[in-house]
Amino acid sequence: MTKFSDLNLNPKVLKAIDEAGYESPTPIQAGAIPPALEGKDVLGIAQTGTGKTASFTLPLITQLARGRARARMPRSLVLCPTRELAAQVAENFDTYAKYVKLTKALLIGGVSFKEQDILIDKGVDVLIATPGRLLDHFERGKLILNDVKVMVVDEADRMLDMGFIPDIERIFGLTPFTRQTLFFSATMAPEIERITNTFLSAPERIEVARQATTSENITQGVLLFKGSRKDREASEKRKVLRAIIDSEGDACSNAIVFCNRKVDVDIVAKSLKKYGYDAAPIHGDLDQSHRTRTLDGFREGSLRFLVASDVAARGLDVPSVSHVFNFDVPGHAEDYVHRIGRTGRAGRDGKAIMICVPRDEKNLADIEHLVQREIPRMDNPLKSAKPADDAPIAEAVAPVADKPKRTRSRTRKKETTEVAPAVVQEQPKAPEPTAAPEPKPEEQPRRGRGRRGSGNGGRDDRSDRGGNKVVGLGDHTPEFIGLSFKERIAD
Ligand code: AMP
């Protein structure tokens, strides 16, 4: 097995790695570091959680350890799709470069230009940036990219999703033709392939097995869930989420809950909070200081549930996340890979549970196709809950058509006050986690009606009530109507 000491890294970098507690390089590190140190272009196909950040940071620091930066002319550039990821790379850089005298600047949105300008003016060895902010600085004439020796593009597939590819192409064009490029992507979409063919020169291609996606240390499950009605689905789904969290018990020390849309990130976070769960949202519309505070709290363990969108979670590196809950099935199969990669990191155990509603089954099939395995189906934990809790969900999974019309219209009335518009009205009665927000009196009559309509059950009900009382024909029904056939024949 390769050791870090075999990789020709700077001894000061080796010391920092040792202190970080890393015993041996991960496959992407063992593959990418040697060619990177030789000055070759590298195309790393690896997803988050594989140790890819160190696979470019360590050789970068080793190379930059010699030489000095000139004012406004950074010597290297690391481009990241999101602020959080950029901040994460900067943190990694600080860890590994602690014994090497290098300067860095982090150029991300939401932070004042002034401070960033001061750093750039002094001259930086490493510029870690999001593409938009980098170009803003360039256009203001504050930055010269002619001295960039190494350019790193991290999470290029995400850049593609976010529409950053034109920016990346422009930045490539602004850096010297002779620069070295280290390019990382979890997947190779045709557009990514095109960029690498255009801007990389005879790259060393290192692909780490997709197995990390569905690695054995991540237990996966999917719960197929159908709401009782479309307009109830969201609130019922949130209830299912709470039940799943509860069923995981203490094993769920902390978790990231992924939603597809920002609006749902907010709703789910608020809802969890109302039900007594320690949760906070993170997405791109929240201001930077808010996001940083939330992330710090989550990292430190003072926040248990981070409800996130894909973009916001990109830069998040929390080695001890016990669970990932996919509140929604992601629209892009690759996002599933990224999401569940937040747990089970660096060889730890992790669990990834997803809720899938019927309209998402196609996306689920795409994910299973991508990861080349079936995600085990899970039982709805609410089905084994106590009867009062079970009732609404038992309904929720029953076909809508089975319901009597009167029940539906009544439920709809209740819905407008209870559920819609989502979380604002979703008031828990008590902090009891699995308690249903629906009022109990509704449940009993609805069940009774259900039984009457189911053939045999109806007769049993009548005999329980003393034989010949017929329901639905008023108080004055002729005697014979209450008699059963059996009794007539016996007569
Ligand atoms: P990344 O894929 O860069 O996001 O890294 C995932 C996690 O693995 C981070 O928490 C790193 O600190 C950690 N890590 C990176 N390289 C190693 C290594 N060689 N051994 C153990 N952990 C590592």
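How do the residues of the shell around the ligand divide into nonpolar, polar and charged, and how many of them are charged? In this structure, which is a predicted model, the shell around the ligand is made up of four nonpolar, eight polar and three charged residues. The ligand is surrounded by 15 residues, and those that come nearest are Tyr 22, Gln 29, Gly 49, Gly 51 and Thr 53. Where the ligand lies with respect to the domains can be stated as well: because domain 1 (4-207) and domain 2 (218-392) both give residues to the shell around the ligand, the ligand lies between them.

The polar surroundings of the ligand can be followed along the backbone. A polar backbone atom of Thr 50 is found 3.0 Å from an oxygen atom of the ligand, and a polar backbone atom of Gly 51 is found 2.7 Å from an oxygen atom of the ligand. For Lys 52, the distance between a polar backbone atom and an oxygen atom of the ligand is 3.3 Å. On its own, the ligand has 500 Å² of accessible area, and the protein covers 86% of this area.

One of the residues that come nearest to the ligand, Gly 49, is placed in the loop that runs between strand E1 (42-45) and helix H3 (52-64). Gly 49 has a relative accessible area of 37%, and because this value falls between the limits of 20% and 50%, the residue is classed as partly exposed. Although Gly 49 and Gly 344 are separated by 295 residues in sequence, their C-alpha atoms are 8.3 Å apart in space.

Other pairs of residues that are separated in sequence can be described in a similar way. Thr 198 belongs to helix H9, which comprises residues 190-199, and with a relative accessible area of 47% Thr 198 is partly exposed. Between the C-alpha atoms of Thr 198 and Glu 169, which are 29 residues apart along the chain, the separation is 9.3 Å. Ala 156 is part of helix H7 (residues 156-161), and its relative accessible area of 1% is under 20%, so Ala 156 counts as buried. Ala 156 is 75 residues away from Pro 81 in sequence, while the distance from C-alpha to C-alpha is 7.6 Å. Met 1, by contrast, is placed in the segment before H1 and is exposed, with a relative accessible area of 89%. Met 1 and Ala 30, which are 29 residues apart in sequence, have C-alpha atoms that are 9.4 Å apart in space.

Within the protein, a contact between side chains is found at His 323, a residue of strand E12 (residues 323-326). The side chains of His 323 and Glu 248 are joined by a polar contact of 2.8 Å, and His 323 is buried, with a relative accessibility of 3%. Two cysteines are buried as well: Cys 252 has a relative accessible area of 1%, and for Cys 259 the relative accessibility is 0%. The number of disulfides in the structure is zero.

The backbone, finally, includes residues with a phi angle that calls for comment. Most residues other than glycine have a negative phi. Asn 8, however, is not a glycine and has a positive phi of about 65°. Asn 8 is located in the segment before helix H1 (11-20), and its relative accessible area of 67% is over 50%, so Asn 8 counts as exposed. A positive phi is also found at Gln 372, where the angle is about 55° although the residue is not a glycine. Gln 372 is placed in the loop between helix H15 (361-371) and helix H16 (387-397), and with a relative accessible area of 70% Gln 372 is exposed.

Terms used: Residues are numbered from 1 along each chain as its sequence is written. This is a predicted model: local features need pLDDT of at least 70, side-chain atom pairs count only at pLDDT 80 or more; totals for chains, interfaces and linings use all residues. Side-chain values use heavy atoms; hydrogens and water are left out. A residue is near a molecule or strand if one of its heavy atoms lies within 4 Å of it. A polar contact is a pair of N or O atoms within 3.5 Å; within protein, one must be able to donate a hydrogen and the other to accept it, and residues adjacent in sequence count only if both atoms are side-chain atoms. Accessible areas come from the Shrake-Rupley method with a 1.4 Å probe; for residues, only the protein chains shown count as cover. Ala, Val, Leu, Ile, Met, Phe, Trp, Tyr, Cys and Pro count as nonpolar, Asp, Glu, Lys and Arg as charged, and the others, Gly among them, as polar. Domain bounds come from an automatic or database domain assignment. A disulfide is a pair of cysteine sulfur atoms within 2.5 Å. Buried means under 20% relative accessible area, exposed over 50%, partly exposed in between (1.4 Å probe, protein chains only). Helices (H or I, at least four residues) and strands (E, at least two) are DSSP runs, numbered from the N terminus.
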